[in-house]
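Hi,

Here is the structure I said I would pass on. Have a look at it first, and then read my notes underneath.

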Amino acid sequence: MKRGNRRRQYLLPVLASALLLVLAACAAPVQETGDVAAEGGPSGGQIVLRVGTGDSGEGLKPHQEIIRRFEAANPDIKVQLEPVSGSDYYARLLTQIVADDAPDIMNIGDDAVPQFVAAEAFLPLDDFIAGDDSLDTSVYLPGLLEPGQWDGRQWFLPKDYSPLGVYYNKKIFDEYGVAYPEAGWTWDDLVAIAGELTKDTDGDGTTDLWGIQLPGPWTTGFEYWVAAAGGSLISEDGSTFIGYMDSPETTAAVQFYQDLYQTYKVAPLPADMSAFGGGNSEFDNGQAAMRIFGRWPQSGMLENPNIDLGVVGTPADAVDANVLFWGGFGIYSGTEYPEAAWRFLKFYAGPEGAEVWQDWALPAVASVAEEAGLNDDPIEGAWLGELDRLVPRAYVFTPYWGQAADPALRRVLETVILDPGADAAELTAAAAQEAQAALETAQEE
Amino acid sequence: MTRATQLPDEPNWKRRARLQHWLATAILVIVAAIFLLPLIWMLSSSLKPEYQVFEMPPRLIPHPVRWQNYREALTYVPFGRYSFNTAFITLMVIVGHVLSCTLVAYGFARLRAPGRDTLFILVLATLMLPYPVTMAPLYVLFNRLGWVNTFLPLIVPAYFGSAFYIFLLRQFFLRIPNELEDAARIDGANLAQILYRIILPLSMPAIATVAIFTFQFTWNDFLTPLIYLHDQRLYTVALGLNFFRSSFQVNWAYLMAASLVTMLPVLVVFFLAQRLFIQGISVSGIKG
Amino acid sequence: MFEFSASALPAVYLFVMAASHSIKRRETVAFYLCISPWIIGFLLFVLGPMLASLWMSFHRWDLLRDPRFIGLANYQRLFREDPLFWQSLRVTLTYTLLYVPTELIGGLVLALLMNQRVRGISIFRTIFYLPSVLAGVAFVVVWMWLLHPEAGLVNAFLGLFGIPGPRWLTDPHTALYALWLMSIWGLGRTAIIYLAGLKDIPLALYEAAAIDGAGQGRSFLSITLPMLTPTIFFNLVLSIISTFQTFTSAFVATNGGPLDSTLFYVLYIYRNAFQTFQMGYASALAWVLFVIILLLTLLVVRSARSWVYYGGGSE
């Protein structure tokens, strides 16, 4: 430790400071682009619009294509897409809203609409729709505007959507000489067909071909079964679950779901309870004849050599019913450029955007679907036809659905899937009480 | 592990040692096979066509083998750019942690002062508050500083120490015999010299651990970049991996392929850094 | 500017050193200078958000509208009206009891394996560490496969011994054990910390013991273990804290189910914060957790005085 070495002890601090300077330099340019966006208002050159979406990966391609076309037509606006996939999307969005730093245009799923609107996070679109740069909302297919409405106003325009449908594998039906399900079929038909196609092909005492793959404890999907049985989960004024979630109709739906798993044994038990899918893969493997779900995995099924795909609408019981899953775009209430945001939104959700969307998903605009011949397509036509059978989902009646009722309903479904001896009526009665108590806690304002 | 070479009864010992060596190798192989199992499944499914990923019963050897999954997965998302971003952030964070945590840990381990033990509990306490509730306030803070959409919120905090590594290093520093330090002090070394010449060289395994962990956590960190990076050009590898999942659809084969590839840098760094453990043994072996 | 002050500390320290006289005071000043980066960081980045979350816990706040003060109502609801609070606490504590011993003992065993002098040991080390690198969504999903009730490898293995495999993730009685089983593959991380500790034990001690005629088992008990106690203490505290923070595996594999049997505490907090937008309530939950972990940690730290051995240091 001689004097000459002493200088070296300053080395680390100096090095660290130098690194931090480099750091600041590296970070600075990025920040500047942000600042340009903030300062370059409508008069001062290009506006940068931030668009938040929960899509990712392949799902970003239509966004990028629409943005490319929009920027070509609107050179004064630059669109910055900010994708966040899946379950963490709202966590980021909420954080940004708290900091008043949210994207100008945001993508919201149907059941989050009441909460975000009630919290005034979005601008109502009615004035834009009727304004100078107006939008003809009659272009949309039936049922696609309603999920974006709350309190009688339009807050969101449709981005993408899917009703439920029943996929069936023609290979399996042909092999066993069973007729394909047809529109207008019923729950009884479902049990009959699924029963015929549930088989122990190798005689080892375990089923290896299943009639239908069900989506496990997926609560939002379950609303279809309740609606088809003629029930609903909540009163229309959103005040009570008693008499609804425990009604004979709801109980019948739960009972039927349980029977499919446990009594008729035509549905494979889920391998995990993680998500809506219930972790089953039998349909993809050619080991289940039917599957009830949304349109999302369809493109993969069309490429799957195990499957010769057909699609039919949901079977009816007491009522002809289906439910819609929907995502929409709205304008952030804190945006600096509402006019520019509207221009983009109109482009995106209007006919121009639908033109692009039709290559990726069902377009929302009727004329685009018509021109693409989708109505006559045996598969896409089946999906589009379901839009005429929609019933409202429970979240439209209360902003507290997710908080109060969803956990209770989920418990009911998990129980009937797990426990053949569970009593459906007891379960729904308990769930209604639990949901009601939670609703009242939530409403104590 | 033990220096048995110096035991007196040579032949008997030799036989036992050889036996022990083989036994150890056998156990290592078995345990390694168990630990490799999930990886083998990942590898297998990364080479399958998507529709075979969940095949029942599962097959280990994919047929057909889709090597193009790797090419497609890696072009699907701009991993080159994302890797560069992630590497830059990771490097900066490692430097920050090593610099700041060694200093702070040294203070807690070696210097006596009123309030030290209370402060140390406070250090531990900062590990205990779950992130969902501090996330929003922290974002507000960084947003005010104008740091959102830059790498700064990911890097700068590292220069102020991290409770986990402070604790880790403190535990190691505490074990170093005082005599070494006293001897240096008698030689006229000051605190900085003691820290950088004596304590740190003796703690290479611990510092390697800090570097490895920092590398791994920063490389894989999902939530912090998710919250703070908005511009896609700034995204990290972990954010890119998430592109294969959307709310209703996951491309498993691609996700597995990309997960494996983006894991490689961490493995390489680990493989290289673990040599520091060997270095540590010789240093403390001589001086201890 | 904060950055500068932090990194220039050693220089500042030298300056102050030269100025101060009393040894005791010098040491105090040195201590506070050394830890000042952490103090500054704490004041800047940690204290604010911590206090903000405490403040939020006395409010009703959906993150979107203005927060409303409701006093202790969140805490009241949590203790008196919310069965899920107790359930998540029960789940988390059960998991802690399962996991902490596994991590402490399993990690040590693995570290001893990693410490063998065998050819290719660096490759073995890398293999053991590998699963902890992979711990993310993809890894959890692979486990969901391995635990598949009909086609999973785990049940196939059990079948070899004639044991009927459980339905793991879909059975409320086994789901938590399934997650525990998964966690064993992450032991490499703990083992690395142990390994660093093992490598730090002076060989001279073993040499001395060998000369005294101590066998391997004896030198393990009388040298390795005592010398390792600081590392064991570290792993104990950290594994307690981290089990209380378990999130990803439950979030991906079970989403808290079936029947809330894997509803980990932090998962429940996350749900309240970002899925049902009850940030105030989530903050109250977080602070209760904070106090619980803090008390547990204090208990461990207090007990450490009697069993942790430091070779040097000033404890």
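Below is what I found, chain by chain.

First, a caution: this is a predicted model, so confidence comes before anything else. Chain A has a mean pLDDT of 86, with 88% of its residues at 70 or more. The confidence isn't even along the chain, though. Helix α1 of chain A (residues 11-39) has the lowest mean, at 44, while strand β7 of chain A (residues 165-169) has the highest, at 97. Two stretches deserve care when you look at chain A. Residues 1-15 of chain A have a pLDDT below 50, and beyond near neighbours in sequence that stretch has 18 contacts in the model. Residues 21-43 of chain A also stay under 50, with 21 contacts beyond four places in sequence. Where pLDDT is low, the predicted coordinates should not be read in detail.

Now for the make-up of chain A. You'll find 16 helices and eleven strands there. Of the 445 residues in chain A, 54% are buried. If you take the contacts in chain A between residues at least 6 apart in sequence, 72% of them join residues at least 24 apart.

One sheet in chain A is worth tracing by eye. It is an open sheet of five strands with mixed pairing, and the order is β2-β1-β3-β11-β6 of chain A. Which strands stand at the edges? They are β2 (77-83) and β6 (157-163) of chain A; each has a single partner strand, so one side of each is left without a neighbour in the sheet. From one strand to the next, the twist averages 15°. Strand β1 of chain A (residues 47-53) runs parallel to β2 of chain A, and seven bridges join the two. To find your place in that pair, look for A:L49, which stands opposite A:V79 in β2 of chain A.

On to chain B, where the domain assignment gives domain 1 (4-69) and domain 2 (77-287). The C-alpha centres of these two domains of chain B lie 30 Å apart. Nine residues from domain 1 of chain B and eight residues from domain 2 of chain B take part in the contact. On the domain 1 side, helix α1 of chain B (residues 10-46) gives the most, with four residues. That side of domain 1 of chain B divides into four nonpolar, three polar and two charged residues.

Chain B also has a couple of backbone details to look at. B:H63 and B:P64 are joined by a cis peptide bond, with omega about -5°. You'll see B:P64 in the loop between α1 and α2 (68-76) of chain B. Further along is B:N149, in the loop between α5 (131-144) and α6 (152-155) of chain B. Its phi is near 70°, a positive value in a residue other than glycine. Is B:N149 buried or exposed? B:N149 has 24 other C-beta atoms within 10 Å, so it counts as buried.

Chain C comes last. Its domain assignment gives domain 1 (2-56) and domain 2 (81-307), and the C-alpha centres of these domains of chain C lie 34 Å apart. In the loop between α14 (265-275) and α15 (279-307) of chain C you'll find C:F277. The phi of C:F277 is near 60°, again a positive value in a residue other than glycine. C:F277 is buried too, because 25 other C-beta atoms lie within 10 Å.

Best wishes

Notes:
Residues numbered from 1 in each chain as written. Chains lettered and ligands numbered in written order. Predicted model: local features only at pLDDT ≥ 70, side-chain atom pairs only at ≥ 80, totals over all residues. Domains from an automatic or database assignment. Contact = placed C-beta atoms within 7 Å. Nonpolar A, V, L, I, M, F, W, Y, C, P; charged D, E, K, R; others polar. Buried ≥ 20, exposed ≤ 12 C-beta atoms within 10 Å, placed from the backbone. pLDDT = per-residue confidence, 0-100. Pairing = 2+ DSSP bridges. Axes fitted to C-alpha atoms, helices over the stretch in contact; angles between N-to-C directions.
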